[in-house]
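Trainee: I've got a model open and I'd like to talk through its packing, its empty spaces and its odd backbone spots. Shall we go one question at a time?

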Amino acid sequence: MPGSFGEMWAELLPVGRHSGSGGYRRYAWTGADAECRDWFREQAAARGLAYEVDRNGNQWAWLGDPAAGDAVVTGSHLDSVPDGGAFDGPLGVVSAFAALDGLRARGARPTRPVAVVNFGDEEGARFGVACVGSRLATGRLTPEQAAGLRDADGVSLPQAMERAGHDPEAIGPDDERLARVGVFVELHVEQGRHLGDTASPVGVASAIWPHGRWRFDFRGEANHAGTTRMEHRHDPMPAYAATVLAAREHAAAAGALATFGKLSVAPNGVNAVPSLVRAWLDARAADEPTLGRVVGAIERSAREHAAREGGEVELVRESFTPVVDFAPALRDELVGLLAARPYEVPVLPTGAGHDAGILAAKVPAAMLFVRNPTGVSHSPAEHAREDDCLAGVEALTDVLAGLACR
């Protein structure tokens, strides 16, 4: 017998949880990821759903004939950022299975195939590129680009996939599978506190801000920290530090967001002046021209500060997602399907990227958000109340009923 929302949540909760931080380390193609994938397969089997793994490692569970086309698909991802929270991704997958159970409990009879999907490597925590599974499927990431991705230990993405039992030679655009999808609806915990400041446990997404990741390589000259006079140094660390402050100023002035959240230093010795500071910038804005101006200003600041220290800086754009305006007709249909709820269902944008944003270029896509009372995300403190989660399941059930059972 399939478990309830609470039972599924309890089963998944300990997988990949770090005992020290309390956060999750569910990285793509690792042991924790394999446990999550096993859990997904077991949930599909418990419900008698047809289970598939596509050429890019994404998992699918089908109610109805997968080949019939015009399917209503829902789901999210199960991987995490380093020491991330429990809700980002898994809430959408658990809620999808629970919503299918809700349809059956109502006696609803879908006239379109319905599927639950777990997209692989959405967070990009291991290989540095977000939404790898959906990017490969849509052609936004080529097999050649994927082959060049490596983790901190030098393991390539194809090597990791092969070690986990998946054929890396198969990866690539999956137009045939995407052609089966009529609509995709992703439920996700809100990564912000718009809903947290309202009486609404559920909202509908309007758009995703454009965003990207840039790698800054600040280069200098390694030397002895105890013998090299300050005026004789070519230290890339001050240039990096000044750029962090400049990024904050430029983003704040433009109403944008800019974060240096990952850093690698060589030779990484306490008593050594660094030769290289490699830092990754995450930048987001309400529109692409603003984002371009902010990143351009940060780059100019980086070059000025690097030159001042007698070094140089190289900038590499590792990923970019343009603005996503979710299909207006589908968005409005969701709002209509949820109109009878005893609370207002607001329509709101988000600065966070999602698989729904990648798929939106190929199929009509939409998102539901579940209230996050503090707005904290990508942290062990990420939280959603159980009653709000259940309200999200109920809303998703109504959406699936309205889309697939008409």
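Mentor: Sure, and let's fix one convention before we start: Ala, Val, Leu, Ile, Met, Phe, Trp, Tyr, Cys and Pro count as nonpolar, Asp, Glu, Lys and Arg as charged, and the others, Gly among them, as polar. Keep in mind that this is a predicted model.

Trainee: How do the residues that line the largest cavity divide by class?

Mentor: The lining is made up of Trp29, Asn56, Gly57, Asn58, Gly120, Asp121, Val132, Leu136, Leu157 and Met161. Gly counts as polar under our convention, and Asp121 is part of the lining. Sort the list and you get 5 nonpolar, 4 polar and 1 charged residues.

Trainee: Which helices each supply at least two residues of that lining?

Mentor: Look at Val132, Leu136, Leu157 and Met161, which are among the lining residues. Match their numbers to the helix ranges, and you land on α4 (132–138) and α6 (157–163).

Trainee: How much space lies in the largest cavity?

Mentor: The structure holds 4 cavities of 30 Å³ or more. For the largest cavity, the computed space is about 40 Å³.

Trainee: Now the second largest pocket: which strand gives the most to its lining?

Mentor: This pocket has about 200 Å³ of space, and its lining divides into 4 nonpolar, 3 polar and 4 charged residues. Among the lining residues are Arg317, Glu318, Ser319 and Phe320. The strand covering residues 312–321 gives 4 residues, and that strand is β12.

Trainee: Over to packing: which residues does Leu91 touch, leaving out those up to four places away in sequence?

Mentor: Start from the largest nonpolar core, which has 51 residues. Leu91 is listed there with Trp39, Phe97, Leu334 and Leu368 as having the most contacts inside that core. In general, nonpolar side chains tend to be buried together in soluble globular proteins. For Leu91, the contacts are Phe5, Trp9, Leu187, Val189, Val370 and Cys389.

Trainee: Trp9 and Phe87 form an aromatic pair, so how far apart in sequence are the parts that the pair ties together?

Mentor: A search of the whole structure finds 12 aromatic pairs, and this one is tilted, at 4.9 Å centre to centre with 35° between the planes. Trp9 counts as buried at 13% relative accessibility, and Phe87 does too at 8%. Trp9 lies in helix α1 (residues 5–12) and Phe87 in the loop between β3 (71–76) and α3 (90–106), so the parts tied together are 78 residues apart.

Trainee: Which residues form one aromatic cluster?

Mentor: Two of the names came up in the core: Trp39 and Phe97. Add the other two members, and the cluster is Trp39, Phe40, Tyr51 and Phe97.

Trainee: What about the backbone: which peptide bond is cis?

Mentor: Most peptide bonds are trans, which means a cis one is worth a look. Go to the loop between β9 (257–266) and β10 (272–273), where Pro267 sits. With omega near 0°, the cis bond runs from Ala266 to Pro267.

Trainee: Is Asn268 buried or exposed?

Mentor: Asn268 is in the loop between β9 and β10, and has a positive phi of about 65° although it is not a glycine. The cut-off for exposed is over 50% relative accessible area. At 60%, Asn268 is exposed.

Trainee: And where does His378 lie?

Mentor: His378 also has a positive phi, about 55°, without being a glycine. Its relative accessible area is 39%, so His378 is partly exposed. You'll find His378 in the loop between β15 (365–370) and α12 (386–404).

Technical notes. Residues are numbered from 1 along each chain as its sequence is written. This is a predicted model: local features need pLDDT of at least 70, side-chain atom pairs count only at pLDDT 80 or more; totals for chains, interfaces and linings use all residues. Side-chain values use heavy atoms; hydrogens and water are left out. A nonpolar core is a set of buried Ala, Val, Leu, Ile, Met, Phe, Trp, Tyr and Cys residues joined through side-chain atoms within 4.5 Å. Buried means under 20% relative accessible area, exposed over 50%, partly exposed in between (1.4 Å probe, protein chains only). Contact means heavy atoms within 4.5 Å. On a 1 Å grid over the protein atoms alone, a cavity is a set of points where a 1.4 Å probe fits but cannot get out, and a pocket is an open set with protein on both sides within 12 Å along at least five of seven lines; lining residues have an atom within 4 Å of a point. Grid points are joined across faces, edges and corners, and a volume is the space filled by probe spheres set on the points. Rings of Phe, Tyr and Trp (its six-membered ring) pair if their centres lie within 6.5 Å; planes under 30 degrees apart count as stacked, over 60 as edge-to-face and the rest as tilted.
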